[in-house]
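Trainee: I would like to request a close look at a single part of this structure, with its surroundings described in a connected way.

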Amino acid sequence: MCSTMCHHHHCPSKADGTGHDVSRRTVLGASGALAATALAGCLGGNGDDTVPAAITIGSSDACDVCGMIITNHPGPNGQSYWQDLTPDEHDAPFRFDALKQCLFPHFFENRDQQRLQAVYVTDYSSVDYTVSESGDAPYISSHPEAEAFAPARELSYVVGSDVNGAMGADFVPFSDAGDADAFAAEYGGEVVSFDDITPALVGR
């Protein structure tokens with residue numbers, strides 16, 4: 001049920017991302033308690049949380065795992081907010097320039113000790129992405145703007161494709177499962193859910 005709600009855009013991250021002049025508090029107030037409760041349910045919360053929104057990744061922002069400047073590289077990006085864990089050198093969220101090599105290892109390392117508030121990744125169903133050749137390998141475009149991110153748990157991921165991101169072969173997320181199937185048909189790989197992604201899969 002949660003998945004259905006989010007695919008119908010009840011999760012406010014997209015609303016936040018497309019309305020820079022509308023504060024998070026205003027959005028929540030306008031949406032009402034029911035929407036807030038639905039969102040918390042999507043993220044596994046208890047309904048009392050205020051879920052922070054995705055932000056635009058700046059041109060000088062570095063990945064909190066590998067240290068590379070995120071916007072200098074291709075591929076899917078990610079962000080995560082934790083209840084009692086913040087980055088050492090900047091305010092939340094944690095920022096990542098790759099999913100397979102950076103976001104998911106960070107997630108697996110902290111999920112048992114920390115309470116996750118929100119995790120966002122690039123939604124390639126919502127952007128006009130490109131896949132281009134560099135050397136002998138295809139690379140998918142990067143989209144650091146806030147409106148390009150969607151709740152990570154709600155997306156379908158193409159894993160094991162030929163397409164690379166900032167750190168090599170990466171997972172490519174889509175909010176539309178049909179888009180994920182089409183991408184896998186063209187570039188290889190298989191389509192899995194967020195919960196299907198395990199440390200073993202990341203380590204392949």
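Is Phe108 buried or exposed, and what is its relative accessible area? Please take the helix that holds this residue as the part to examine.

Mentor: The model is a predicted one. In it, Phe108 is buried, with a relative accessible area of 13%. The cut-off for that word is a relative accessible area under 20%, and Phe107, at 8% relative accessibility, counts as buried too.

These residues belong to helix H4, which spans 99–110. Nine of the 12 residues of H4 are buried, so the rest of the structure largely encloses this helix. The buried residues of H4 are Leu99, Lys100, Cys102, Leu103, Phe104, His106, Phe107, Phe108 and Asn110. The list includes Lys100, His106 and Asn110 alongside the phenylalanines.

The aromatic side chains of the helix deserve separate attention. Phe104 and Phe108, both buried, form a tilted aromatic pair, with 6.0 Å from centre to centre and 35° between the planes. Because Phe104 and Phe108 are four residues apart in helix H4, about one helical turn separates them. In general, an α-helix has 3.6 residues a turn, so residues three or four places apart point the same way. Phe108 also pairs with Phe107; that pair is likewise tilted, at 5.6 Å centre to centre and with 55° between the planes. Beyond the helix, ring pairs join Phe104, Phe107 and Phe108 with Trp82, Tyr157, Phe171 and Phe194 in a cluster. For the structure as a whole, the count comes to 14 aromatic pairs.

The nonpolar core gives the wider setting. The largest such core has 33 residues, and Phe104, Tyr157, Phe171 and Ile197 touch the most other members. At least two residues of this core come from each of strand E1 (78–82), strand E2 (94–96), helix H4, strand E3 (116–122), strand E6 (149–151), strand E7 (156–159) and helix H6 (199–202). Among the contributors, H4 gives the most, with six residues. Another core, of 12 residues, lies apart from this one, and its members include Ile140, Val158, Val172 and Phe183.

The sheet beside the helix comes next. H4 lies across E1, E2 and E3, and runs at about 15° to E1. Those strands belong to an open sheet of four strands, ordered E2-E1-E3-E6, in which the pairing is antiparallel. E2 and E6 stand at its edges with a single partner strand each, so one side of each has no neighbour in the sheet. From one strand to the next, the twist averages 25°. Within the sheet, E1 and E3 pair in the antiparallel sense over five bridges. Tyr81, for example, has Ala118 in E3 as its bridge partner.

The strand E2, which H4 lies across, also takes part in a charged contact. Arg95 forms a salt bridge with Asp61, and the closest N and O atoms are 3.6 Å apart. This pair links distant parts of the chain, since Arg95 is in strand E2 and Asp61 is in the loop between helix H3 (24–42) and E1, 34 residues apart. Both ends are enclosed: Arg95 counts as buried at 10% relative accessibility, and Asp61 counts as buried at 15%.

A search of the whole structure finds three salt bridges, and the other two may be set beside this one. Asp195 forms a salt bridge with Arg153, the closest N and O atoms again being 3.6 Å apart. Asp195 lies in the loop between strand E11 (190–193) and H6, and Arg153 in the loop between E6 and E7, so the pair ties together parts that are 42 residues apart in sequence. Asp195 is exposed, with a relative accessible area of 61%, whereas Arg153 counts as partly exposed at 31% relative accessibility.

Glu190 and Arg204 also meet through their side chains in a salt bridge, at 3.8 Å from N to O. Glu190 is in strand E11 and Arg204 is in the segment after H6, 14 residues apart. Here Glu190 counts as partly exposed at 40% relative accessibility, and Arg204 is exposed, with a relative accessible area of 69%.

To return to the part requested: H4 is largely enclosed by the rest of the structure, gives the most residues to the largest nonpolar core, and lies across E1, E2 and E3.

How values were computed: Residues are numbered from 1 along each chain as its sequence is written. This is a predicted model: local features need pLDDT of at least 70, side-chain atom pairs count only at pLDDT 80 or more; totals for chains, interfaces and linings use all residues. Side-chain values use heavy atoms; hydrogens and water are left out. A nonpolar core is a set of buried Ala, Val, Leu, Ile, Met, Phe, Trp, Tyr and Cys residues joined through side-chain atoms within 4.5 Å. Buried means under 20% relative accessible area, exposed over 50%, partly exposed in between (1.4 Å probe, protein chains only). Two strands pair if DSSP finds at least two bridges between them. Axes are lines fitted to C-alpha atoms, for helices over the stretch in contact, and angles run from 0 to 180 degrees between N-to-C directions. Contact means heavy atoms within 4.5 Å. A salt bridge is a side-chain nitrogen of Lys or Arg within 4 Å of a carboxyl oxygen of Asp or Glu. Rings of Phe, Tyr and Trp (its six-membered ring) pair if their centres lie within 6.5 Å; planes under 30 degrees apart count as stacked, over 60 as edge-to-face and the rest as tilted.
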